[in-house]
Each structure stands twice: as C-alpha cells, then as structure tokens.
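Please find below some notes on this model, set out as numbered points. They are meant to be read with the structure open beside them.

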Amino acid sequence: MPSYDAIAGPGLKTELIRKQLSQAIFAADTGVAAITAPFTPATGELAAVPAGYVPVGYTTDDGITFASDLSMSDVTSSQSVEPTRSDVESDVLTAEYTPQETNAATVSLYEGLPLSGAGALPELGAAWSWDRPVTPKNPYRRLLFIGVDFNDSGQELYVVKFFPRARLTGKDDEQWARSESTNRPVTFTAYRDTAVGTSCRTWVDGPGWRAFDTTP
C-alpha cells in the first residue's frame, strides 16, 4: 500500500501558495472601452492601462475583498434527509475596499459623480464643489483590479479582475479624525455587461507565472 507522502506529496507545491502583495484599482465611466487584453501576449508583461481609467490610489492594508453571495434552491424529498436536487438561485459578486486618498476617483465613486465630462471634478489644485442631490445618482462604472506577487526569482505574477458594469451598493462612514486618514469605504456589485458577456473577467499571467515548471 502506498504511503500518504507517495500519494499526496507530488501534488503539494509551496510555490503555488500565492499572495497579492500589492493591489491597484482603476475606475472608468461605462462610455470608456472595456478591458480586453491586460497583458502583452508575447511576454505576459502587464500592458498599459487604457486612457479613461483613473487610479483610486492608496487603499488600507485590508486590501480588496471579493465576496460571492451564493444562494441555492433545494428540492427535498420524504425519502432523503439531504436535498435530492439543488440549483443556484443567485450568485452575487461584490468588491469591497477602503481608499485612503482624497482624489477625483475616490470622491466621485463615493458621491456618485461622473469620472469625466460634464459634472466631473476638475484637476487637483482647482477648487472642488458638489451638492448632495435630492434624487441620488448612482451610475454604473467599469472597475479594474490588479494584484501582483513575485516568484522565487523576483518575476511578477499578476491576477487581474475586471468588472465591466459595476455599481455602488454599499458605503461606510466617512470619518474625520486626527488619528486616521479620511477614508471612503465602498462596496461595488458586479453586473453582467451584455456587450462583454459577463459580470467579471479574470486573467492570471505574468513572467513569473509563465516561468513555472509544469512537470508533475
């Protein structure tokens, strides 16, 4: 009889224990083109972020939480103590993060302002002003999330998530205090974009990813 190590050992790879050591978030209005190719095909290097996507900047060290709220619909039968059929009723994906910078992206996403065009905040250094509307606006956005890790040789491994049609569905308090940065915590829900064909597209690539030994 084979030992446990002989059975499980070949499948254990410490180099596949990954972290996202740093993250970047970019936002755009839905009139901006969707992300289709975040990597250079020949090398796996990260491509430049397209024009129209503005950076959220620094976020708290909680990082980004991608939560999936899965709800199942069960069929029960008198002859079984377990459900005899179970189907997905809903599966809602959200992204939650806390920006630390006061910039055009963080304020606009929190307040429901456009990121570009009429009604958008001007450049940093110009006077900013906005009113709380009687009927709040909550426009859809495009959100790009980039996480980076490194292999043992220092080569980059990237995980990229793209919400082509996201909407603000939760925000926590904006607190002013001496002991903490002015944060604007937000939660965005991903919705299906009919042109893109999905609510979330994920890529994994990078020079470090391509350098993995695929030998079992």
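1. In this predicted model, F188 has contacts, beyond its neighbours within four places in sequence, with L93, T94, A95, Y97 and L109, and also with R141, L143, F163, A166, R167, L168 and T169.

2. F188 is also one of the residues with the most contacts inside the largest nonpolar core, which has 20 residues, and Y97, L109, L143, F145 and F163 are listed along with F188 in that respect. At least two residues of this core come from each of strand 1 (22-29), strand 4 (85-97), helix 2 (104-111), strand 5 (141-150), strand 6 (156-171) and strand 7 (186-190). In soluble globular proteins, nonpolar side chains tend to be buried together.

3. Another core, of 13 residues, lies apart from the largest one, and its members include V32, F39, Y158 and F162.

4. D205, which belongs to strand 8 (residues 201-205), has F39 and Y158 among its contacts outside the four places on either side in sequence, the others being G44, L157 and R210. With R210 the side chain of D205 forms a polar contact of 2.9 Å. Is D205 buried or exposed? Its relative accessible area is 13%, and because buried means under 20%, D205 counts as buried.

5. On the surface, L70, M72 and V88 make a nonpolar patch of about 270 Å². M72, a residue of strand 3 (residues 65-75), has a relative accessible area of 36% and is therefore classed as partly exposed, a term that covers values between the 20% limit for buried and the 50% limit for exposed.

Conventions:
Residues numbered from 1 in each chain as written. Predicted model: local features only at pLDDT ≥ 70, side-chain atom pairs only at ≥ 80, totals over all residues. Heavy atoms only, no water. Helix = DSSP H or I, 4+ residues; strand = E, 2+ residues; numbered from the N terminus. Buried < 20%, exposed > 50% of the residue type's maximum accessible area, 1.4 Å probe, protein only. Polar contact = N/O pair within 3.5 Å; in protein donor to acceptor, adjacent residues only side chain to side chain. Contact = heavy atoms within 4.5 Å. Core = buried A, V, L, I, M, F, W, Y, C linked by side-chain atoms within 4.5 Å. Patch = residues over 30% accessible without salt bridge, like charges linked within 9 Å, V, L, I, M, F, W, Y side chains within 5 Å. Areas by Shrake-Rupley, 256 points an atom, 1.4 Å probe, with all protein chains shown as cover. Salt bridge = Lys/Arg side-chain N within 4 Å of Asp/Glu carboxyl O.
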